[in-house]
Amino acid sequence: MAIDKKKEIEVRIGEMEVAAAPYTLKALLGSCVALILYDKVNRVGGLAHIFLPTKAMAKKGDDYPDSRFADSAVPSLLQAVIKSGAKKSNVVAYVVGGNNIFRKFNKSDKPSIAQQNIDATIKAIQKENLFMINCGVGKDTGSKVRIDLSTGDIIVTEIKK
C-alpha cells in the first residue's frame with residue numbers, strides 16, 4: 001500500500017503530535033525514543049519524540065515542552081490522545097528507538113543516554129498502567145519509525161551505517 005505523503009506528519013526532536021486516521025506519524029531516531037500511544041478502536045494516536053529521560057535534566061530557566069522528556073511526555077501524550085477521542089482502556093504504548101549510535105565512544109560503565117531514555121519511558125508508561133510493546137529498542141544504528149493510524153501498523157526501519 002502506498003503512503004500518501006500529504007497525510008504524513010513528521011515529529012521532530014522534543015515534539016509531540018496527535019492525529020487520527022487517515023494520518024501517518026513518523027520520526028527519525030538516534031538515541032531519542034519515540035513513544036507511540038494508539039487506540040485501534042477509535043484509530044487515534046500520538047507520537048512523542050523524547051530527547052531526555054527526565055524534566056529535571058533541563059537547564060534552570062529553560063522552558064522546554066513536556067514532550068521532550070520521558071517522565072512528562074507519557075502523561076502529556078496520554079492526555080492529548082484521550083482529548084482527541086481515544087479511550088484509555090484501548091490505548092497501547094509502543095517504545096521505539098533509544099539506539100546506541102555512539103556505543104563505541106562510550107567508555108563509561110553508566111547507562112548511555114539512549115538506555116536512560118528507554119528506562120525512563122518504560123517507567124512512565126508503567127506508572128500510567130498502559131499495555132506496552134517494545135519495537136526495536138537499543139539497536140546500534142539509527143532508525144525510522146512510522147505508524148499508520150488507519151491500521152495501527154508500525155514500521156521500524158533500521159538506518160544502515
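Me: What makes Asn129 count as exposed in this predicted model?

Reply: The relative accessible area of Asn129 is 67%. Exposed means over 50%, and Asn129 is therefore placed in that class. Asn129 lies in the loop between α2 and β7.

Me: What is noted about the phi angle of Asn129?

Reply: Asn129 has a positive phi of about 60° although it is not a glycine. The general background is that most residues other than glycine have a negative phi. Asn129 takes this angle just after α2.

Me: Which class of accessibility does Arg43 belong to, and why?

Reply: Arg43 has a relative accessibility of 39%. Buried means under 20% and exposed means over 50%, with partly exposed in between, so Arg43 counts as partly exposed. Arg43 is placed in the loop between β4 and β5. Arg43 also has a positive phi, of about 50°, and is not a glycine.

Me: Why is Thr141 called buried?

Reply: The relative accessibility of Thr141 is 8%. Since buried means under 20%, Thr141 counts as buried. This residue, Thr141, lies in the loop between β7 (131–137) and β8.

Me: What makes the pair Thr141 and Glu158 a polar contact?

Reply: The side chains of Thr141 and Glu158 are joined at 3.1 Å. A polar contact requires N or O atoms within 3.5 Å, one able to donate a hydrogen and the other to accept it. The pair of Thr141 and Glu158 is listed as such a contact.

Me: Is the peptide bond from Ala21 to Pro22 cis or trans?

Reply: The bond from Ala21 to Pro22 is cis, with omega near 15°. As a general matter, most peptide bonds are trans. Pro22 lies in the loop between β2 (16–20) and β3 (24–29).

Me: How do you know that the length of α2 agrees with what is expected of a helix?

Reply: The helix α2 has 15 residues and, at 1.5 Å a residue, should span 21 Å. The expected span is 1.5 Å times one less than the number of residues. The end C-alpha atoms of α2 are 21 Å apart, which agrees with the expected value.

Me: Which residues of α2 are buried, and what covers them?

Reply: The buried residues of α2 are Ala114, Asn117, Ile118, Ala120, Thr121, Ile122, Ala124 and Ile125. Their cover includes β4, β5, α1, β6 and β7.

Me: Why is β6 described as largely enclosed by the rest of the structure?

Reply: Seven of the seven residues of β6 are buried, so the strand is largely enclosed.

Me: How do you know that β6 pairs with β4 and with β7?

Reply: Two strands pair if at least two bridges are found between them. β4 and β6 have seven bridges and pair in the antiparallel sense. Six bridges join β6 to β7, and these two strands run parallel. In the first pairing, Tyr38 stands opposite Val92 in β6; in the second, Gly97 stands opposite Val137 in β7.

Me: What makes β1 and β9 edge strands?

Reply: An open sheet of four strands has the order β1-β3-β8-β9, with mixed pairing. β1 (8–10) and β9 (154–158) each have a single partner strand, so one side of each is left without a neighbour in the sheet. Neighbouring strands of this sheet are turned by 20° against each other on average, direction ignored.

Me: How do you know that β8 and β9 pair?

Reply: Pairing requires at least two bridges. Strand β8 (residues 143–148) and β9 have five bridges and pair in the antiparallel sense. Lys144 stands opposite Thr157 in β9.

Me: Which residues of the largest nonpolar core touch the most other members, and where does the core come from?

Reply: This core has 22 residues, of which Leu35, Leu37, Ile50, Val81, Ile125 and Leu130 touch the most other members. At least two residues each are supplied by β4 (33–39), β5 (44–50), α1 (70–83), β6 (91–97) and α2 (113–127). The largest share, six residues, comes from α1. A second, separate core has 18 residues, including Leu25, Cys32, Leu47 and Val96.

Methods:
Residues are numbered from 1 along each chain as its sequence is written. This is a predicted model: local features need pLDDT of at least 70, side-chain atom pairs count only at pLDDT 80 or more; totals for chains, interfaces and linings use all residues. Side-chain values use heavy atoms; hydrogens and water are left out. A nonpolar core is a set of buried Ala, Val, Leu, Ile, Met, Phe, Trp, Tyr and Cys residues joined through side-chain atoms within 4.5 Å. Buried means under 20% relative accessible area, exposed over 50%, partly exposed in between (1.4 Å probe, protein chains only). Axes are lines fitted to C-alpha atoms, for helices over the stretch in contact, and angles run from 0 to 180 degrees between N-to-C directions. Contact means heavy atoms within 4.5 Å.
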